[in-house]
Structures are given as structure tokens and as C-alpha cells.
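Good morning, and thank you for coming. I should like to take you through one structure, part by part. Please have the sequence and the model open in front of you.

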Amino acid sequence: MHRLKKMLPQGVKNLYHLAQAVLANVIYGFPSRRLKVIGITGTNGKTTTTQMVAAILEEAGKKIAVASTINFKIGVEDRFNETKFTTLSPFAVQKFIKRAVEEECEYLVLETSSHSLDQHRVWGVEYKTAVMTNVTREHLDYHKTMATYRRAKLKLFQSAAVAIVNADMENPEEFLKLGNEQKITYGIRSQADVRAENVELVAGGSHFLVDGAAFKLNLLGDFNIENALAAICVGISEKITLVTCAQALEKIKGVAGRLESIPNKKGLNIIVDFALTPDALDKLYALVKRIKAGGKVIAVFGACGERDRGKRPIMGETVSRYADHVIITNEDPYSEDPQSIIDEVAGGVKSKIAGENFWKILDRREAIRKALALAKAGDFVLVTGKGHEKTMSVATGRIPWNDKEVILEELEKMP
């Protein structure tokens with residue numbers, strides 16, 4: 001059955017998804033028509049932006065539902081997303097929206113993937129607001145070209161009343177050309193409608209101004225300022241004051257698996273992050289280079305199986321450009337040979353010597369143990385690609401795995 005599904009053209013499979021979506025909407029009564037749906041899409045930053053939008057709406061006293069890569073929330077009930085999918089099947093999506101309506105939520109913040117848009121899994125969802133974080137190389141195993149990838153994301157904007165777009169991304173005008181009633185751009189470097197000014201990096205975060213209002217963000221990096229600006233734009237579109245937006249964003253201390261710092265007694269700067277694209281890795285390591293004062297950077301990462309193979313050597317080159325020590329390891333191989341994936345990532349590594357400052361270690365726990373053994377007080381250990389996830393997908397199914405838990409376990413074993 002699995003082999004037959006793989007043989008079917010994607011267009012045929014998409015018709016199946018569309019039929020499911022139509023049926024799900026009929027069964028559940030087109031529930032999205034009874035609340036305000038805010039869709040968040042983009043290659044990187046979707047999950048953090050989703051959490052920020054949710055925080056702003058709740059700070060404003062709104063009852064909300066959230067469906068994201070990391071969680072499903074309705075009112076005060078909040079549960080972990082164990083599916084490893086950003087956007088679920090049509091029936092699961094519509095069932096969730098129906099329940100949000102029954103619980104009298106006014107808003108749904110729905111993290112929306114390009115796959116779900118292309119496959120009609122969110123057909124029937126009436127988005128009031130569409131938010132674009134950015135589009136960089138990812139999912140070309142599925143979309144084949146960047147042009148088709150961008151077109152898939154453009155579907156989110158076709159019927160939304162409000163379009164919110166990152167003016168600092170490549171070709172933002174492509175997502176501003178439709179007949180949306182309201183269009184808002186945001187950015188740091190561009191002359192956007194909503195712009196971060198007087199940006200100042202501080203310990204553990206950043207300060208900036210938006211139209212004279214002061215914002216304090218407990219998250220590092222320009223990319224997190226961009227995520228915050230996207231969320232602020234949603235607030236503005238919903239007539240929420242900048243003061244309320246600032247209060248909400250200041251309360252966010254972190255997002256699980258996103259630039260998450262792991263506490264330890266050894267003086268190490270250990271960071272777990274979900275970064276799994278060349279662009280996300282470049283931004284993460286550039287940030288670390290910017291904030292570190294001395295010390296080495298030790299990288300532990302890999303690449304996902306059954307996904308865009310072309311990005312693998314690019315990821316290897318990107319990380320090797322910044323890190324002092326590079327350790328490539330296993331990461332959700334699915335049915336692919338994990339060693340072959342590691343070798344393809346390693347093919348891009350530059351200016352490193354095997355056994356001296358570069359290792360290929362198949363066992364992810366052993367790779368993390370090696371990184372911690374190499375590290376001294378003041379060094380940075382970056383473990384990327386798994387983030388918040390609690391399982392690893394291998395040929396036989398899923399096995400329990402969480403980077404943060406493994407790091408803490410290995411730290412306990414160290415003298």
C-alpha cells in the first residue's frame with residue numbers, strides 16, 4: 001500500500017485530499033466561518049510567530065485556539081503536538097476547528113504548511129489573516145522548484161482579508177499583489193509599514209521601538225525581532241494597542257526547541273534549536289558569532305531523510321563556515337540509509353580535518369556526548385534539527401528521542 005501511494009502522481013493524491021477536505025467541511029459544518037482564523041506560513045519562524053500572535057491575542061483578553069508544530073491549544077487546555085506534522089489531515093483540522101467553536105473561541109491561530117496548502121488539506125478554512133514570515137530553500141523534494149514552493153504558499157493569501165508580509169524577505173511583492181482588503185508589511189532593514197527602530201541587543205534578548213512604543217524581547221536574534229513584528233502586525237490589524245502587544249511579547253521567556261538554552265553547572269552555552277534549512281542555520285550561527293565572547297563553537301547536526309537532498313551539502317558548508325568543531329549525526333532518517341545522509345551533509349564541509357575538528361558519528365547520543373566532552377566553560381554547543389520533538393523517525397517507525405532530555409542525561413554522567 002505504501003509503495004502504491006508513492007507511485008501515484010501527486011496531483012492524483014491531491015484530489016483525494018481535496019475530496020477529504022470537502023467531506024470534512026460538510027460533516028463539521030464549515031466551522032471556520034464562526035471564528036477568525038489567522039494563518040501563519042513561511043519556511044522559518046512559523047512556530048515562534050504563532051506563539052507570539054497567540055500571546056498578543058490572549059493579552060488583549062481574547063479566547064483563542066492554536067494549532068502549531070509544537071502544540072494544540074483551546075482556551076487554557078494546551079497539549080503537545082506529537083504528530084511531527086505542522087498542519088494535520090482535513091478531518092483532524094476541521095474537527096479541531098469545530099471544537100474551538102464549541103468552546104467559544106474567538107480566534108484560531110493556525111500554522112499552515114506549504115504541503116497542506118498544495119494538497120488542499122486546509123480547503124474550506126476561511127482565513128481572515130495571512131502572515132508570511134519568509135521563503136528560503138526547503139521542501140524541494142516535494143515542490144521541485146522555488147517558484148512552485150512560493151506559489152503553494154501564495155494560496156494562503158488568495159482569499160484572506162488581511163495580508164501581512166515580511167518586507168525584508170526575497171520578493172515580498174509577490175505576496176502583496178492579490179486583492180486583499182488590507183496589506184501590512186514589516187521589517188528591520190526595509191522601509192516597511194511596521195518597522196523595528198533603535199534595535200539594541202541586550203543580554204538574553206533585544207530592545208526596539210515600533211512607532212515610538214518600546215518593546216523588550218526575551219529572545220535573541222534579528223529573526224526573532226522579525227517574528228515579533230509579524231505578530232505585532234496581527235495585533236494592529238485587530239485593533240490591539242502597541243502597549244498590549246509589548247506587554248504580551250515581554251512575557252514570552254522562550255519557545256520550546258527554538259533557540260532553547262539548556263541550564264548546566266559547567267558554564268557551557270548549550271542551545272537546542274529546530275533549524276533544519278541552510279538559511280535557518282546561517283542565521284543561528286551568525287547570531288552566535290555575534291554574541292559570543294571568546295570560546296569555541298561546537299556543532300551537532302544532521303539532515304532529515306526522504307527530504308530535499310540538495311540542501312544537505314549546503315547545510316554542511318554553512319555550519320563548517322561558522323563552527324570550530326563539526327559533528328554530523330543521525331536525524332530522522334525515515335527509510336533512507338542514515339550513514340548515506342551523513343555522508344551527503346559531510347560532502348559540503350570545508351576547512352575541517354576528520355578526527356581533529358570534524359567527526360561523523362552515527363549515534364546521535366554519542367555525538368552529543370562527544371560535543372559535551374569537547375566543550376569547556378564559555379564554549380557554545382549547538383544541537384540542531386530536532387528542537388522540541390520527542391521522537392525520531394527511523395525505517396521501523398518512531399523511537400523515543402528528545403535532544404534536551406539526552407543532553408541533560410549526558411551532563412549528569414560527566415565528572
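**Two crossing helices**

Let us begin with helix α11, residues 311-322, and helix α12, residues 338-346: their axes come within 6 Å of each other and cross at roughly 55°. That angle makes α11 oblique to α12, because angles of 65 to 115 degrees count as roughly perpendicular and those under 35 degrees as roughly parallel. I should say at this point that the model is a predicted one.

Which residues of α11 and α12 meet? On the α11 side they are R312, P313 and G316, and on the α12 side I341, E344 and V345. By character, the residues of this contact divide into three nonpolar, two charged and one polar.

**A sheet and the helix across it**

I turn next to an open sheet of three strands, arranged in the order β10-β11-β12 with antiparallel pairing. Its edge strands are β10, at 197-202, and β12, at 213-217, each of which pairs on one side only. From one strand to the next, the twist averages 15°.

Within this sheet, β10 and strand β11, residues 205-210, are joined by four bridges in the antiparallel sense. If you look at V202, you will find G205 of β11 standing opposite.

What lies across β10, β11 and β12? The answer is helix α8, residues 222-237, which runs at about 40° to β11.

**An enclosed helix**

Our next stop is helix α3, residues 46-59. With 14 residues at 1.5 Å a residue, α3 should span 20 Å, and its end C-alpha atoms are indeed 20 Å apart, so the expected and modelled values agree.

Is α3 largely enclosed or largely open, and why? Of its 14 residues, 12 are buried, so α3 is largely enclosed by the rest of the structure. The buried residues run from K46 through T47, T48, T49 and T50, then Q51, M52, V53, A54, A55, I56 and L57. Just after α3 comes G61, which takes a positive phi of about 85°.

**A helix and its cover**

Finally, I would ask you to find helix α7, residues 146-154, where Y149, R150, A152, K153 and L154 are buried. What covers these buried residues of α7? The cover includes two strands, β1 at 36-41 and β6 at 127-132, together with two helices, α5 at 114-118 and α6 at 140-143.

Thank you for your attention.

Definitions and conventions
Residues are numbered from 1 along each chain as its sequence is written. This is a predicted model: local features need pLDDT of at least 70, side-chain atom pairs count only at pLDDT 80 or more; totals for chains, interfaces and linings use all residues. Side-chain values use heavy atoms; hydrogens and water are left out. Two strands pair if DSSP finds at least two bridges between them. Axes are lines fitted to C-alpha atoms, for helices over the stretch in contact, and angles run from 0 to 180 degrees between N-to-C directions. Contact means heavy atoms within 4.5 Å. The expected span of a helix is 1.5 Å times one less than its number of residues. Buried means under 20% relative accessible area, exposed over 50%, partly exposed in between (1.4 Å probe, protein chains only). Angles under 35 degrees count as roughly parallel, over 145 as roughly antiparallel, 65 to 115 as roughly perpendicular and the rest as oblique. Ala, Val, Leu, Ile, Met, Phe, Trp, Tyr, Cys and Pro count as nonpolar, Asp, Glu, Lys and Arg as charged, and the others, Gly among them, as polar.
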